[in-house]
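Hi there,

Here is the structure I promised to pass on. Have a look at it first, and then read on for what I found in it.

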Amino acid sequence: MRIGINCYPTFGGSGVVATELGLELAKRGHEIHFITYNQPVRLDLLSNKVHFHEVKVPEYPLFHYQPYELALSSKMVDMVKLHKIEILHVHYAIPHAYAAFMAKKMLEQEGIYIPVVTTLHGTDITLVGSHPYYKPAVSFSINMSDAVTSVSESLKEDTFRLFNIKKDINVITNFIDIEKYKHAFTDCQRGMMAPDNEKIITHISNLRPVKRILDVIKIFYKIQEKIPAKLMLIGEGPDKEAAENLCDELGITEKVVFFGKSNEIDKILCFSDLFLLPSETESFGLAALEAMASGVPVISSNTGGIPEVNVHGITGFLSDVGNVEEMSANAIHILSDSDRLKQFKQNAKERSYIFDIHKIVPQYEKLYKETLEKS
Ligand code: GMT
């Protein structure tokens, strides 16, 4: 199949999932066309099967807001015609599903039919999409998609609860390439990060309010009171400064490393003992899955789709959002006994296998085929 993929080309989970999906589909013989405003961060391999088409938005002083959707839908039209793309798969409804619908309508005028698959990722539904200013357009573009997928059961339920959706929603979970995480802990050069007696706690996110970074710091503060530990924070975002200030206030600045954005999270996860994800809401929690695939247990909130990934008492522990006391007690429980820690690490790794890329990507292929057959 010739498949057009549109996503945010950034470090966020939806862009990562879209990119990894495209690369795997290419390995399986499909021709993939990424249509995005930058080359996606994890797209390091262009080939005769993987193409990147940049959406350019010319600046014009008249516009207070530059019309990105217009440029995107025009680029979709041009690329579908030029490369004979058969199906468009857009990740994150806003504004991609809307732009794809416009492209589809423009192409129809020229006698070309292109089905659109929309994958809902989370905040496009729960935080941003359900805002009254966007809701009618988001509802409309989901209903107009030829097929809709969500990354968890929880997100599917949220979508039906928050929008008037008349379409079926297929749950196709996020995934990871298990092969990439197959390394022994001894390869990790852990000693560069911390002495043997210190535990390494990790958090990876875009440091936005929804991630509750201050809870991450508070949980870590309580852990390090009982167990020698370091905190590795990976990512950039608006709450970074508040996190730095809290570390300073609590006197733990020397124990916290702010890494910034990284393309090598598997290397950082490799020497981690515990992952923290106390988010306010999370449709899936790809970062938690990536941690688990590296054999890192997860202390998380029990919100959204996280319980579909992290299993309470097996791969980590789940608590109510904001329950920092319980989260730190659970973290200390795991970290304080080396046999217990070993068992949780093993459980986390084993659990991640059910989300292996080779099990999930065929579900998208099947959906594309069915959608094309219906059209
Ligand atoms: O978490 C974010 O703020 C980024 C966002 C995105 O669109 O990249 O992540 C969402 O999609 C990921 C991939 O499907 C999910 O793993 C995240 O749970 C989801 N984030 C939220 O729901 C907050």
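To start with a small puzzle: in which loop does Lys 84 lie? Lys 84 sits in the loop between α2 and β4. Please bear in mind that this is a predicted model. In that model, phi of Lys 84 is near 55°, a positive value in a residue other than glycine. As you know, most residues other than glycine have a negative phi, and most peptide bonds are trans. There is a departure from the second habit too: Ile 94 and Pro 95 are joined by a cis peptide bond, with omega at about -15°. Pro 95 belongs to helix α3 (residues 93-108).

Now for the overall layout. The domain assignment of the chain gives domain 1 (2-175 + 356-374) and domain 2 (178-355). Between the C-alpha centres of domain 1 and domain 2 there are 30 Å. Where domain 1 and domain 2 touch, 20 residues come from domain 1 and 16 residues from domain 2. On the domain 1 side of this contact, α1 (13-27) and α6 (153-162) each supply at least two residues. Sorted by class, the residues of that side of domain 1 are nine nonpolar, nine polar and two charged.

The ligand comes next. Where does the shell around the ligand lie with respect to domain 1 and domain 2? Domain 1 (2-175 + 356-374) and domain 2 (178-355) both contribute residues to the shell, so it lies between them. The ligand is surrounded by 20 residues, and the closest are Gly 12, Gly 13, Ser 14, Gly 122 and Leu 286. Both α1 and α4 (123-126) supply at least two residues of the shell, and α1 gives the most, with three residues. The shell is made up of six nonpolar, 12 polar and two charged residues.

Then there are the sheets. One is an open sheet of seven strands, with parallel pairing and the order β3-β2-β1-β4-β5-β6-β7. Its edges are β3 (50-54) and β7 (169-171); each has a single partner strand, so one side of each is left without a neighbour in the sheet. On average, neighbouring strands of this sheet are turned by 25° against each other, direction ignored. Within the sheet, strand β1 (residues 2-6) and strand β2 (residues 31-36) run parallel and are joined by four bridges. Ile 5 has Phe 34 in β2 standing opposite. Helix α2 (residues 68-83) packs on this sheet and touches β1, β2, β3 and β4 (87-91). The direction of α2 makes about 160° with that of β2.

Another open sheet has six strands in the order β10-β9-β8-β11-β12-β13, and its pairing is parallel as well. Why does one side of β10 (256-260) and of β13 (316-319) have no neighbour in the sheet? These strands stand at the edges, each with a single partner strand, so one side of each is left free of a neighbour in the sheet. From one strand to the next, the twist averages 20°. Strand β9 (residues 229-234) pairs with β10 in the parallel sense over four bridges, and Met 232 stands opposite Val 257 in β10.

Last, a helix pair you may like to look at. Two packed helices are described by the angle between their axes and the distance between the axes. Helix α10 (residues 286-293) packs against helix α12 (residues 338-352) at an angle of about 115°, and their axes are 7 Å apart. The crossing of α10 past α12 is left-handed. On the α10 side, the residues that meet α12 are Leu 289, Met 292 and Ala 293. Their counterparts in α12 are Ala 348, Lys 349, Arg 351 and Ser 352. By class, this contact has four nonpolar, one polar and two charged residues.

That is what I have for you. Enjoy looking around!

Best wishes

Technical notes: Residues numbered from 1 in each chain as written. Predicted model: local features only at pLDDT ≥ 70, side-chain atom pairs only at ≥ 80, totals over all residues. Domains from an automatic or database assignment. Contact = placed C-beta atoms within 7 Å. Nonpolar A, V, L, I, M, F, W, Y, C, P; charged D, E, K, R; others polar. Near = placed C-beta within 6 Å. Pairing = 2+ DSSP bridges. Axes fitted to C-alpha atoms, helices over the stretch in contact; angles between N-to-C directions. Left-handed = near helix turned anticlockwise from the far one by under 90°.
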